[in-house]
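User: I have a model on the bench screen and want to go through it step by step. Please reason briefly and finish each reply with the value or name I asked for.

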Amino acid sequence: MINVNQIFEKGRIVKGKVTGITNYGIFVGFDNGFKGLIHISEISDNFVKNINNFAQIGEIIPCKIFELDSQNKIVKLTLKKLDYEYRRENHYNKEFKVLEEKLPIWILEKTREMEAYDKK
């Protein structure tokens, strides 16, 4: 669950839940009532063809606050200004962990297949 006690200030990295995706950005909600938008121009330094490649509805994502309206509980967020190591570490753990765990199994299976084929 998202930490309700997250401090909202400019420059802070916070975690929020993706509540919507449109052709112009990702909407993010927070348990403390704040709502935010990651505009398509703030998703990546590279061209973004499909926003769905960067987030899915219901996913908890880290994002950085670059503009804050505390009175209306609205934040403008960015992904591309996050620290590179923070993003790399979190995406690697999330997306490649399954592959990392299965690779030795796949290698063993293929090795056995090759050995069985060689015996024929």
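Analyst: One cut-off comes before the rest. A residue is called buried when its relative accessible area is under 20%, exposed when that area is over 50%, and partly exposed in between. Bear in mind that this is a predicted model.

User: Is Asn32 buried or exposed?

Analyst: Asn32 sits in the loop between β2 (25–29) and β3 (35–39). Its relative accessible area is 18%. The limit for a buried residue is under 20%. Asn32 is therefore buried.

User: Which residue's backbone nitrogen lies 3.1 Å from a polar atom of the Asn32 side chain?

Analyst: Asn32 belongs to the loop between β2 and β3. A polar atom of its side chain lies 3.1 Å from a backbone nitrogen. That nitrogen belongs to Phe34.

User: In the hairpin of β2 and β3, which residue takes a positive phi?

Analyst: β2 and β3 pair in the antiparallel sense, over five bridges. One bridge joins Gly25 to His39 in β3. The hairpin has five residues between the strands, and a phi near 95 degrees is found there. The residue with that positive phi is Gly33.

User: What is the bridge partner of Gly16 in β4?

Analyst: Strand β1 covers residues 13–22 and strand β4 covers residues 60–69. The two pair in the antiparallel sense over five bridges. Opposite Gly16, the partner in β4 is Ile61.

User: How many residues does the hairpin from β1 to β2 pass through?

Analyst: β1 and β2 are antiparallel and share five bridges. Val18 stands opposite Val28 in β2. The hairpin joins the strands through two residues.

User: Which residue in β5 stands opposite Lys35?

Analyst: β3 and β5 run parallel. Four bridges join them. The residue opposite Lys35 in β5 is Ile74.

User: Which residues make up the covered face of β3?

Analyst: In a regular strand the side chains alternate between the two faces of the sheet. In β3, the uncovered face holds Lys35, Leu37 and His39. The covered face holds Gly36 and Ile38.

User: Which element gives the most residues to the largest nonpolar core?

Analyst: The largest nonpolar core has 19 residues, and those with the most contacts inside it are Ile26, Phe30, Ile38 and Leu77. Elements giving two or more residues to this core are β1, β2, β4 and β5. The top contributor gives three residues, and that element is β4.

User: Which cysteine is in contact with Phe30, leaving aside neighbours within four places in sequence?

Analyst: Phe30 is one of the residues with the most contacts inside the largest core. Its contacts beyond those neighbours include Phe8, Val14, Val75 and Leu77. Also among them is Cys63.

User: Is Thr78 buried or exposed?

Analyst: Thr78 is found in strand β5. Beyond four places in sequence, it touches Ile38, Glu42, Cys63, Lys64 and Phe66. Its relative accessibility is 0%, so Thr78 counts as buried.

User: How far apart are the C-alpha atoms of Thr78 and Pro62?

Analyst: Along the chain, Thr78 and Pro62 are 16 residues apart. Their C-alpha atoms are separated by 9.3 Å.

User: Which residue's backbone nitrogen does the Thr78 side chain reach?

Analyst: Thr78 belongs to strand β5. Its side chain reaches a backbone nitrogen at 3.3 Å. That nitrogen is on Lys80.

User: Lys80 forms a salt bridge with Asp45; how many residues apart in sequence are the parts this pair ties together?

Analyst: The closest N and O atoms of Lys80 and Asp45 are 4.0 Å apart. Lys80 lies in the loop between β5 (74–78) and α1 (84–119), and Asp45 lies in the loop between β3 and β4, so the pair ties together parts separated in sequence by 35 residues.

User: Is Asp45 buried or exposed?

Analyst: Its salt-bridge partner Lys80 is partly exposed, at 23% relative accessibility. Asp45 has a relative accessible area of 63%. Exposed means over 50%. Asp45 is therefore exposed.

User: What separates Glu113 and Lys110 in helix α1?

Analyst: Their side chains meet in a salt bridge at 3.1 Å, N to O. Glu113 is partly exposed at 46%, and Lys110 is partly exposed at 49%. The two are three residues apart, which means a separation of about one helical turn.

User: How many salt bridges does the count come to?

Analyst: Among them is Arg12 with Glu9, whose closest N and O atoms are 3.1 Å apart. Arg12 is partly exposed at 32%, and Glu9 is partly exposed at 39%. The count comes to four.

Key: Residues are numbered from 1 along each chain as its sequence is written. This is a predicted model: local features need pLDDT of at least 70, side-chain atom pairs count only at pLDDT 80 or more; totals for chains, interfaces and linings use all residues. Side-chain values use heavy atoms; hydrogens and water are left out. Buried means under 20% relative accessible area, exposed over 50%, partly exposed in between (1.4 Å probe, protein chains only). A polar contact is a pair of N or O atoms within 3.5 Å; within protein, one must be able to donate a hydrogen and the other to accept it, and residues adjacent in sequence count only if both atoms are side-chain atoms. Two strands pair if DSSP finds at least two bridges between them. A nonpolar core is a set of buried Ala, Val, Leu, Ile, Met, Phe, Trp, Tyr and Cys residues joined through side-chain atoms within 4.5 Å. Contact means heavy atoms within 4.5 Å.
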